[in-house]
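Here are my notes for a first look at this structure. Please read them with the model open beside you.

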Amino acid sequence: MGQRRKCKLVNHDYAEIDLRDYSKLIIDTINETIPGKNPRVTKTYFSTDPLTQGEAIMLGRALSRLSELARFGKTVTNFRLFDGHTYADEEATEPMGASQKKGKSKGGRRQ
C-alpha cells in the first residue's frame, strides 16, 4: 500500500464522534468530488490516496456543505472541517516529513 492522506476533525470538542457513522456520506462525497482516490473511513479519520492542493480544497468544500457534518466544524478565521496529512501508508502514525522537520532548518543563509 502506498502513501495515504488522513483527515481528522479539526474541532476537538467532537473527538468522541465516530466517523464510521457517516462513512457512506463521506465516501460518496469523495467519489463524486474526486473519483478514484480509494477513500476509507475509520472511527477518528478518513483517508484517501494523496491529493493535490486543489483536490483537497474541493473536497473540503464539498464535505463542509453537508449539514450532517458541518455541525462538527470549527470557525476560526476560515471554516475547517477536517485536517489532512500524507502518511507513508494506512498503518503509519506520523505524517510524512514530520521526523525530517525536527531539528533541521529550512532555507536561509549558510553560516
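1. One term first. Contact means heavy atoms within 4.5 Å. With that cut-off, and leaving aside neighbours within four places in sequence, K37 is in contact with R4, T48, D49, P50, L51 and E55. Bear in mind throughout that this is a predicted model.

2. Stay with K37. Where does K37 sit in the chain? K37 lies in the loop between α1 (23-33) and β2 (40-41). Is K37 buried or exposed? K37 has a relative accessible area of 16%. Buried means under 20%, so K37 is buried. Its side chain also has a polar partner: a polar contact of 3.5 Å links the side chains of K37 and E55. E55 falls within the contact list of K37 as well.

3. Now the overall plan. The protein chain has four helices and six strands. Starting at the N terminus, the order of elements is β-α-β-β-α-α-β-β-β-α.

4. Next, the sheet. Four strands form an open sheet, in the order β2-β3-β1-β6, and the pairing is antiparallel. Why do β2 and β6 (82-87) each have one side without a neighbour in the sheet? Both stand at the edges with a single partner strand, so one side of each is left free of a sheet neighbour.

5. Look closer at one pair. Strand β1 (residues 4-9) and β6 run antiparallel, joined by six bridges. Among the residues to find here are L9 and F82: F82, in β6, is the bridge partner of L9.

6. F82 also leads to the core. The largest nonpolar core has 18 residues. Which of them touch the most other members? They are I26, F46, L63, L69 and F82. As for the elements that feed this core, β1, α1 and α2 (53-64) each supply at least two residues.

7. F46 deserves its own check. Not counting residues up to four places away in sequence, F46 touches R5, K6, C7, L19, I26, I30, R40, V41, L59, L63 and F82. I26, L63 and F82 appear again here, having been named with F46 in the core.

8. Last, the whole-chain figures. The protein chain has 111 residues, and 34% of them count as buried. Its accessible surface comes to about 7,700 Å², with 47% belonging to carbon and sulfur atoms. Of the contacts with a separation of 6 or more, 64% are between residues 24 or more positions apart.

Terms used
Residues numbered from 1 in each chain as written. Predicted model: local features only at pLDDT ≥ 70, side-chain atom pairs only at ≥ 80, totals over all residues. Heavy atoms only, no water. Buried < 20%, exposed > 50% of the residue type's maximum accessible area, 1.4 Å probe, protein only. Polar contact = N/O pair within 3.5 Å; in protein donor to acceptor, adjacent residues only side chain to side chain. Pairing = 2+ DSSP bridges. Areas by Shrake-Rupley, 256 points an atom, 1.4 Å probe, with all protein chains shown as cover. Core = buried A, V, L, I, M, F, W, Y, C linked by side-chain atoms within 4.5 Å.
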